[in-house]
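Here are some exercises to work through with the model open beside you. Try each task before you read its solution.

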Amino acid sequence: MLMTDDQLAVRDLARRFAAHELRGRYQEHDKSGVLDRSIAQEMGKLGFLGCELPEEYGGSGAPSVTAGIIAEEIARGDFNVGTGILLSTSLLGTILSRSSNSELARHWVPKMVAGEAIVGLGITEPATGSDAANLKLRARIDGDDYVLRGEKTSITFATEADGFVVLARTGEAAEKARGITAIFVPGDAAGLSRTGIDDVGGRICGRGSLFFDDVRVPRRHRLGDEGKGFAQVMIGFDYSRAIIALLCIGAAQASLDDAWAYTQQRHAFGGPLSQMQGITFPLAEADAMIQSVRQLSYHVLELRDAGLPHTAEAAMVKWLGPKTAFETIHQCLLTCGHYGYSKELPHQQRLRDVMGFEIGDGTAGIMKLIVSRERLGALPASAPADARK
């Protein structure tokens, strides 16, 4: 992918910020398990958050590719800052700005872009997992309000967010996705309680559960049409999946850069490790895989900017990105030997952090199912019967 002069300038700015402001505190943040809101505000001032969103909502209307460039560079410094602050702003900012409720969008999206507010997405439930259309949390109408009752789990920023876009069932269970409505719930709503989950990685992102005990919100907090919330929210995932892949690649690139440098600094058997093919060949293979995933990820964003279909390609990078990143970081850890196995180096944390996206936001199995459906659905009617099975 060739970058414009503006994109090169943004990349360099984001790279400097990640190196000077994020990388040195990456492991400290993991130990504290607390999001430093001042980082979000600083990123907002630099224009890193929601740059692709419309200007009327505080963004700069930049191409999706530019947002991907920023995400990759930020993740090289602190993967969790990228996945938490950047990703949530892009995904939720897009959902809110495209909804028919301009009042909510004009209030929340500019605050998100400025790093002054964090919004979470409430989809997953204890009994549904990847079956996102089979939700149980119900929103019943009572006068001018929706009253929500039920539970959400595995929600990013469950313990941190100032508000949530929640998918709730307003129709019958048999309606599946057609009976689901998107509703904005303020974080301080009466009857809403939260608990955190002690995760292996991604600790500052505050993953946890939300409990709705007859939470009452105005019907004007509905996003889009009733019963259309599932499609409205899920359409944003084609975009976020490419961003997730680039975040994972950014973290893997940081480990790979460190590993290449280590092979030149460490000497054994009469010379630097860089002279040993058994050490360098696995890193060369990882380098090639990272480049491949990176190019496909930016291709997804280029398709999005051109208004072209990209669902299959987005699903491809969503499972391939975290997988490639995990395998690359693992190899980098092994390259550094017993030193790499210590908590002194960040390889182990990057390994724990990227692992989460092998599960969250769609497992590899679900992504492959999406690719299969897209490809089979595109077969012409004249295709051989065995090819259409």
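The exercises below concern a predicted model, and each comes with a worked solution.

**Exercise 1. Find how many salt bridges the whole structure holds, and work out which parts the pair Arg23 and Asp258 ties together.**

Solution.
- Step 1: Start with the total, as a search of the whole structure gives 22 salt bridges.
- Step 2: Now pick out Arg23 and Asp258, whose side chains form a salt bridge with an N to O distance of 2.4 Å. That is within the 4 Å cut-off for a salt bridge.
- Step 3: Place both residues. Arg23 sits in the loop between helix H1 (5–22) and helix H2 (26–32), while Asp258 belongs to helix H8 (residues 237–265), so the bridge ties together parts that lie 235 residues apart in sequence.
- Step 4: Check the surroundings. Arg23 has a relative accessible area of 33% and is partly exposed; Asp258, at 23%, is partly exposed as well.

**Exercise 2. Decide whether Glu125 and Lys152 are buried or exposed, and locate the salt bridge they make.**

Solution.
- Step 1: The bridge between the side chains of Glu125 and Lys152 spans 2.9 Å, N to O.
- Step 2: Glu125 lies in the loop between strand E1 (119–122) and strand E2 (138–142), and Lys152 in strand E3 (residues 145–155); the pair links distant parts of the chain, 27 residues apart.
- Step 3: Apply the cut-off, by which buried means under 20% relative accessible area. Glu125 has 4%, so this residue is buried. Lys152 has 0%, so this one is buried too.

**Exercise 3. Which strands does the salt bridge between Asp213 and Arg149 link, and which residues share a salt-bridge network?**

Solution.
- Step 1: The side chains of Asp213 and Arg149 meet at 2.6 Å, N to O.
- Step 2: Asp213 is in strand E7 (residues 208–218) and Arg149 in strand E3, with their positions 64 residues apart in the chain.
- Step 3: Asp213 is partly exposed at 47% relative accessibility, and Arg149 is partly exposed at 47%.
- Step 4: For the network, look at Arg15, Glu73, Arg76 and Asp257, which are joined into one by salt bridges that share partners.

**Exercise 4. Describe the two faces of E1 and find its pairing with E4.**

Solution.
- Step 1: On one side of E1 are Val119 and Leu121, and on the other Gly120 and Gly122. These residues are all buried, and both faces of the strand are covered.
- Step 2: E1 runs parallel to strand E4 (residues 163–169), and four bridges join them.
- Step 3: To get your bearings in the pairing, find Val119, which stands opposite Gly163 in E4.

**Exercise 5. Why do Cys205 and Cys332 count as being in no disulfide?**

Solution.
- Step 1: Recall that a disulfide needs two cysteine sulfur atoms within 2.5 Å. By this rule the structure has zero disulfides.
- Step 2: For Cys205, the nearest cysteine sulfur is that of Cys248, 12 Å away, so Cys205 is in no disulfide. Cys205 is buried, with 8% relative accessible area.
- Step 3: For Cys332, the nearest cysteine sulfur is that of Cys336 at 7.1 Å, so Cys332 is in no disulfide either. Cys332 is buried at 0% relative accessibility.

**Exercise 6. Characterise the span that UniProt annotates as "domain: Acyl-CoA oxidase/dehydrogenase middle".**

Solution.
- Step 1: According to the unreviewed UniProt entry, this annotation covers residues 121–215.
- Step 2: The span is 0% helix and 47% strand.
- Step 3: Its end C-alpha atoms lie 16 Å apart.

Note on methods:
Residues numbered from 1 in each chain as written. Predicted model: local features only at pLDDT ≥ 70, side-chain atom pairs only at ≥ 80, totals over all residues. Heavy atoms only, no water. Buried < 20%, exposed > 50% of the residue type's maximum accessible area, 1.4 Å probe, protein only. Pairing = 2+ DSSP bridges. UniProt positions renumbered as here; feature names shortened; annotations may be inferred.
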